[in-house]
Amino acid sequence: MEIITTIINGLSLGGIYAMIALGYTMVYGIAKMLNFAHGDIIMAGAYAIFVFFNMTGHPVIAIVCAIVICVIIGVSIEKLAYKPLRGASPLAVLITAIGMSYLLQSLAQIIFGSAPKMVIMGDLGVTTIGSLRIQNYTLITLVCAIIVMVALTLFVKFTNTGRAMTAVSEDKGAAQLMGINVNKIISITFAIGSSLAALAGLFYLLKAPSVIPTLGAMPGIKAFTAAVIGGIGSIPGAMVGGFLLGIIECIVNALPGISPYVDAIEFAILIIILLVRPTGILGKVRREKV
Amino acid sequence: MALLEVKDLQVFYGVIQALKGISFEVNEGEIVTLIGANGAGKTTTMQTIMGLLRGQGGTITYKGHDITRTPGHKIVKMGMTQVPEGRRIFQELSVYDNLVLGAFLQKDKKKIKDDIENVFDQFPILGERRNQIAGTLSGGEQQMLAMSRALMARPELLMLDEPSMGLSPLLVNQVFDIIKDMNSKGITILLVEQNAEKALKIADRAYVLANGEITHQGTGAELAGSEEIKKAYLGG
């Protein structure tokens with residue numbers, strides 16, 4: 001029974017990682033850059049929930065406001081910091097992204113201070129099936145993550161905007177020849193990634209109800225790891241990588257002897273997977289046909 | 001007034017000048033071809049017209065509008081598009097999705113459906129493979145798809161960049177037949193080709209590009225008959 005609880009917890013945590021990883025992977029696929037400020041959007045979302053939940057007392061209003069704020073922050077960062085660097089060396093873009101990450105953390109520290117802010121949205125209770133005890137927030141997180149991922153997959157496959165995103169990620173020039181406004185598609189991608197990060201912020205608060213300026217740092221790195229394990233640029237890859245990492249983390253945490261090494265083990269798995277399959281599990285090597 | 005008018009176009013790659021002030025025009029209903037050797041600047045010309053590259057001098061006018069600094073996606077909206085060199089179909093998407101993307105700016109769902117059916121009528125092989133990933137098509141099929149995809153935008157002016165490249169002689173003939181057919185349906189054509197002989201045969205007018213400059217111009221027949229052109233581009 002213990003193992004089932006562990007796996008459900010793992011799937012739930014994996015769902016969060018997958019949602020964040022989707023932001024990394026979609027932006028990488030379309031803008032060909034690693035947005036290291038992405039993790040800090042989670043933190044911004046958590047602070048926005050803190051502010052609006054305390055203001056209105058209503059969790060749904062708080063999360064909607066948080067999504068709007070995260071979208072504004074994410075799209076503004078792209079417009080102000082990354083867009084002027086399009087065509088610049090990848091290193092310059094990378095450094096800028098890391099700079100944006102520190103800027104967001106410092107801004108949060110200036111505005112909210114470095115002491116943790118508590119966001120108590122109430123106890124969601126526990127579900128018991130036989131001898132199986134599962135925290136309800138775990139189930140809610142898992143169900144929401146699955147709904148979001150299914151919706152996103154359908155969006156990318158079956159809508160014009162989704163197809164345009166795939167087209168831009170494959171060949172920007174050819175996409176333009178279809179009449180696709182590449183800048184608009186990049187903005188939409190940042191908007192989607194940022195709203196997923198806001199949701200991830202909510203799920204972190206359900207798990208542990210406090211927020212600090214560096215809240216997004218570790219989840220950001222973990223989700224980035226998940227994206228790379230799955231194959232960066234691949235949407236299903238981010239989902240597979242996210243769930244895989246979540247389950248591994250929960251299983252390792254459940255083993256008393258090795259649980260202190262959980263982070264080391266996860267990153268070691270990343271290294272092994274990259275050695276065996278440099279493109280990640282579902283990453284593809286692009287073939288050119290002439 | 002010409003449909004497309006290029007005046008004194010200059011394009012640099014760093015310090016290297018790829019186009020040294022070329023001027024030409026395409027009138028409505030014509031097939032105009034731009035021939036020249038590798039590296040003459042043909043693709044550069046095409047990409048600059050489509051807004052994928054920026055020129056450092058000169059003007060490009062389409063239907064009387066200055067489009068020199070217009071981004072590519074807006075040019076498509078104005079009724080001009082391009083089948084790029086190397087086809088550049090979306091390899092990860094299905095044949096059907098490639099065609100739907102070609103109609104990205106079309107709003108009428110019924111028309112898009114009809115256009116796709118027309119493509120499948122004209123190229124049954126694409127119809128058979130509508131759900132297949134485009135990257136798995138053969139070179140010839142990919143060229144048919146690339147041309148069909150461009151037609152989905154219902155362009156008035158279509159530019160084709162080396163459509164016969166890498167195809168077997170039989171397919172090359174088919175490609176040129178398709179181009180003539182598109183033109184007879186009212187689409188103005190600007191064709192860039194290394195296969196000068198075939199291009200000159202179907203062209204109303206032609207320009208010869210060498211080292212970033214236009215060295216000759218005339219009707220297709222005139223250039224095909226010129227001894228100098230024969231020697232340089234038609235293999236004797």
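Strand S1 (residues 4–13) of chain B is joined to strand S4 (residues 57–62) of chain B by 5 bridges, and the two run antiparallel. Strands here (E, at least two residues) and helices (H or I, at least four) are DSSP runs numbered from the N terminus, and two strands pair if DSSP finds at least two bridges between them. This is a predicted model, in which local features need pLDDT of at least 70 and side-chain atom pairs count only at pLDDT 80 or more, while totals for chains, interfaces and linings use all residues. Residues are numbered from 1 along each chain as its sequence is written, chains are lettered from A and ligands numbered from 1 in the order in which they are written, and side-chain values use heavy atoms, with hydrogens and water left out.

**The four-stranded sheet**

S1 and S4 belong to an open sheet of 4 strands in the order S2-S1-S4-S5 (chain B), with antiparallel pairing. Its edge strands are S2 and S5 of chain B, each of which pairs on one side only. On its other side, S1(B) is joined by 8 bridges to strand S2 (residues 16–26) of chain B, again running antiparallel. S1(B) and S2(B) form a hairpin with 2 residues between them, and B:Gly14 in the turn has a positive phi of about 65°. A second hairpin, also with 2 residues between its strands, is formed by S4(B) and S5(B), and here B:Lys63 in the turn has a positive phi of about 50°. Strand S5 (residues 65–66) of chain B is held to S4(B) by 2 bridges, in antiparallel fashion. Some of the residues that stand opposite each other in this sheet are set out below.

| Residue | Opposite residue | Strand of the opposite residue |
|---|---|---|
| B:Glu5 | B:Thr61 | S4(B) |
| B:Val6 | B:Ile60 | S4(B) |
| B:Leu4 | B:Val26 | S2(B) |
| B:Leu9 | B:Ile22 | S2(B) |
| B:Tyr62 | B:His65 | S5(B) |

**The six-stranded sheet**

Chain B also has an open sheet of 6 strands in the order S6-S7-S8-S3-S9-S10, with mixed pairing. The edge strands are strand S6 (80–83) and strand S10 (213–219) of chain B, each pairing on one side only. Neighbouring strands of this sheet are turned by 15° against each other on average, direction ignored; the axes behind such angles are lines fitted to C-alpha atoms, for helices over the stretch in contact, and angles run from 0 to 180 degrees between N-to-C directions. Towards one edge, strand S9 (residues 205–210) of chain B is joined to S10(B) by 6 bridges and runs antiparallel to S10(B), with B:Val208 opposite B:His216.

Helix H6 (residues 139–151) of chain B packs on this sheet, touching S6 and strand S7 (157–161) of chain B, and the direction of H6 makes about 175° with that of S6(B); contact means heavy atoms within 4.5 Å. Helix H7 (residues 169–184) of chain B packs on the sheet as well, touching strand S3 (31–35), S7 and strand S8 (188–193) of chain B, with its direction at about 155° to that of S8(B).

**The interface with chain A**

The contact between the chains takes 28 residues from chain B and 22 residues from chain A. About 2,300 Å² is buried between chain B and chain A, of which carbon and sulfur atoms give 57%; buried area is the accessible area (1.4 Å probe) that two parts lose on being put together, summed over both. The chains share 2 salt bridges, a salt bridge being a side-chain nitrogen of Lys or Arg within 4 Å of a carboxyl oxygen of Asp or Glu. In one salt bridge, the side chains of A:Arg163 and B:Asp97 meet at 3.1 Å, N to O. Helix H2 (72–77), S6, helix H3 (95–102) and H6 of chain B each supply at least two residues of the side that touches chain A, and the largest share, 4 residues, comes from H3(B).
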